[in-house]
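Open the model in your viewer and keep the selection tool at hand. The tour goes from a surface stop to a helix, then out to the whole chain.

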Amino acid sequence: MPTFWESVRSLWGSQSNTLDSRTMERLAKTFPLPVWVIDESKDRFTWVSSGTIWLTKLSPEELLSTPARQYLEKHFSPSETLLKLIREKASQAEVSITYIAGATTAQMLGYWIELQPGLYALILQDVTELRKVQDELVQYVEELRQQLDTLTELKESLQRANEELAASREQLRLLAAVAAYTDNAVIITDAKGQILWVNRGFERISGYTLEEAKGKVPGKLLQGPETDPVTVARIRDKLRTKEPFTEEILNYTKYGRPYWLRLYITPLTNELNEVTHFMAIEMDITEEKRKMELMKQQIEDIKQAQIYASRIFKRFLPSPTLLKNYFSDVEIWSQPLQELSGDFYFFSPQEGEVILALGDSTGHGAAAALISTYALTSLWQSTRAGIKSLLELYQDLLEGITLNVEEQRYKEGFELALLRYDSATKRLEFVGARRSLWIFREGQFYELRGSRSDISPTTSRDFSPDLQVFHLQGKDRLYLFSDGVSDQLSADGKKFSSQRLRNFLQLNQYLTLNEQVSLLKQALNQWRGQNSQTDDILFLALEV
């Protein structure tokens with residue numbers, strides 16, 4: 001059986017490139033579809049079918065007189081598909097192309113056939129409607145697929161919803177059991193605030209049964225003469241916001257006994273976010289309130305005791321003006337971290353001489369102040385009885401603090417700087433327990449270092465620090481201070497440090513002591529920035 005291509009060629013009987021009337025009639029009957037026969041060498045159509053005339057709306061004369069390549073370029077897209085077949089003298093090919101004539105376009109599908117060398121037939125069929133039907137079928141199938149996917153998703157969602165509903169029912173059952181039997185009171189009201197349900201905890205705390213409470217407004221049922229009206233108004237305002245909140249209130253039982261509650265009130269809403277109910281969980285905090293009031297009273301008592309203790313402690317500190325009998329100028333800066341200070345100073349006249357001490361006790365506040373009180377009392381007793389040397393005074397203090405202490409794990413004690421000064425000879429003796437003495441003379445700096453041991457139960461009773469002697473001159477300046485000065489922290493956690501303090505004092509030796517101390521206060525405040533004070537501050541400046 002001949003192929004399609006052979007059947008078409010058989011219709012072209014002669015070897016010339018012209019069609020006789022018989023062949024034209026056979027082609028017209030065989031091809032009611034659009035057909036163009038192209039003579040490649042003459043660039044002309046040699047024959048067109050009735051389907052072509054109907055499609056193009058042109059007469060045969062117009063079609064046959066138009067250059068073939070020009071016509072193809074103008075009316076087919078992409079025209080290069082057909083032009084390439086002509087250039088390559090293709091013998092046969094399937095063609096899918098768009099015909100364009102003004103505003104009319106048509107999707108064409110057909111064949112390119114070489115009838116004879118140089119003579120070609122382009123046979124096309126308008127498949128526009130078929131393509132539309134195919135596109136509609138494809139769209140319909142896609143819509144069916146989407147509907148099937150939607151139905152599958154709905155089925156899965158329904159299954160999940162059923163599972164969640166079953167889980168919610170079980171959760172509600174458990175929550176209902178918890179609400180019924182919890183020790184806290186639980187109240188559920190309608191949107192108007194009328195009680196619908198209370199649990200056994202409510203009945204136990206308030207004394208009212210569910211039957212007695214149902215339909216009542218909790219505030220009217222439970223509030224009494226000592227209930228704070230400001231709290232009641234605040235609760236009312238918070239309920240209007242329809243937001244969860246916490247509040248504390250004084251209520252009364254059925255029998256008139258007052259009790260304190262911490263309320264956790266939550267509005268319950270429907271799917272439209274409309275409040276339908278309120279739930280209140282009420283915790284009895286009567287005992288907690290009682291303890292808080294007791295604690296407040298105890299704190300107030302402690303504050304009063306601290307104020308009283310502070311006044312007593314300050315009585316042990318002598319007036320600095322008395323030191324001007326031995327020095328030309330004196331400045332003392334004392335700034336405790338708390339009401340009671342762990343830093344202290346002391347001096348005592350001794351037959352033309354003066355004993356001077358500055359100490360820094362372990363810790364802060366009341367505990368440190370007790371140690372400081374012991375040190376001041378011991379210094380007062382020892383100097384009043386008369387001492388032969390500073391080393392003897394040091395040993396008295398060390399023996400006193402280690403007395404009856406068998407274990408060295410108790411580390412509470414104090415650092416101390418001891419001075420003995422004869423204003424007539426300007427002879428100075430110094431003993432230091434982790435505290436040093438700084439001396440500035442005409443721009444020169446001298447440091448009498450203290451020992452590495454403080455005065456505490458951890459220090460051996462056999463230990464004896466060095467006694468250092470220094471001869472002073474007029475205008476010499478002496479500085480004693482606790483570590484609270486050098487240990488103040490900056491915003492980035494750095495200490496002010498002893499080196500910065502030394503540089504500051506050396507740079508400002510031209511100022512009076514009063515001006516120098518005032519400027520030091522400003523410098524430390526600026527150094528701390530927003531940080532709080534970290535330790536007691538005690539700074540003593542003397543000028544010969």
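## Surface stop

Select Y140, V141 and L144. Together they make a nonpolar surface patch of about 290 Å². The model is predicted, so treat every value here as computed from it.

Now keep Y140 alone. Helix α7, residues 128-181, holds Y140. Is Y140 buried or exposed? Neither label fits: Y140 is partly exposed, because its relative accessible area of 48% falls between the 20% and 50% cut-offs.

## Helix α6

Next, select residues 80-87, which form helix α6. Colour L82, L83, L85 and I86: these are the buried residues of the helix. Look down the axis. The four buried residues sit on the same side of α6, because they cover an arc of only 155° around the axis. An α-helix has 3.6 residues a turn, so residues three or four places apart point the same way.

What do the buried residues of α6 pack against? Add these elements to the selection:

- helix α5 (68-75)
- strands β3 (76-77) and β4 (92-101)
- strands β5 (104-116) and β6 (119-126)

Then step just past the end of α6. There K89 takes a positive phi, about 50°.

## Whole chain

Zoom out and show the cartoon. The chain has 17 helices and 21 strands. It runs to 544 residues, and 41% of them count as buried.

Switch to a contact map. Among contacts with a separation of 6 or more, 56% join residues 24 or more positions apart.

Finish with the surface. The chain exposes about 31,300 Å². Carbon and sulfur atoms supply 52% of that area.

Note on methods
Residues are numbered from 1 along each chain as its sequence is written. This is a predicted model: local features need pLDDT of at least 70, side-chain atom pairs count only at pLDDT 80 or more; totals for chains, interfaces and linings use all residues. Side-chain values use heavy atoms; hydrogens and water are left out. Buried means under 20% relative accessible area, exposed over 50%, partly exposed in between (1.4 Å probe, protein chains only). Helices (H or I, at least four residues) and strands (E, at least two) are DSSP runs, numbered from the N terminus. The arc is that of the directions from the helix axis to the C-beta atoms. Contact means heavy atoms within 4.5 Å. Patches are made of residues with over 30% relative accessible area and no salt bridge: like charges are joined within 9 Å, nonpolar side chains (Val, Leu, Ile, Met, Phe, Trp, Tyr) within 5 Å. Accessible areas come from the Shrake-Rupley method with a 1.4 Å probe; for residues, only the protein chains shown count as cover. A salt bridge is a side-chain nitrogen of Lys or Arg within 4 Å of a carboxyl oxygen of Asp or Glu.
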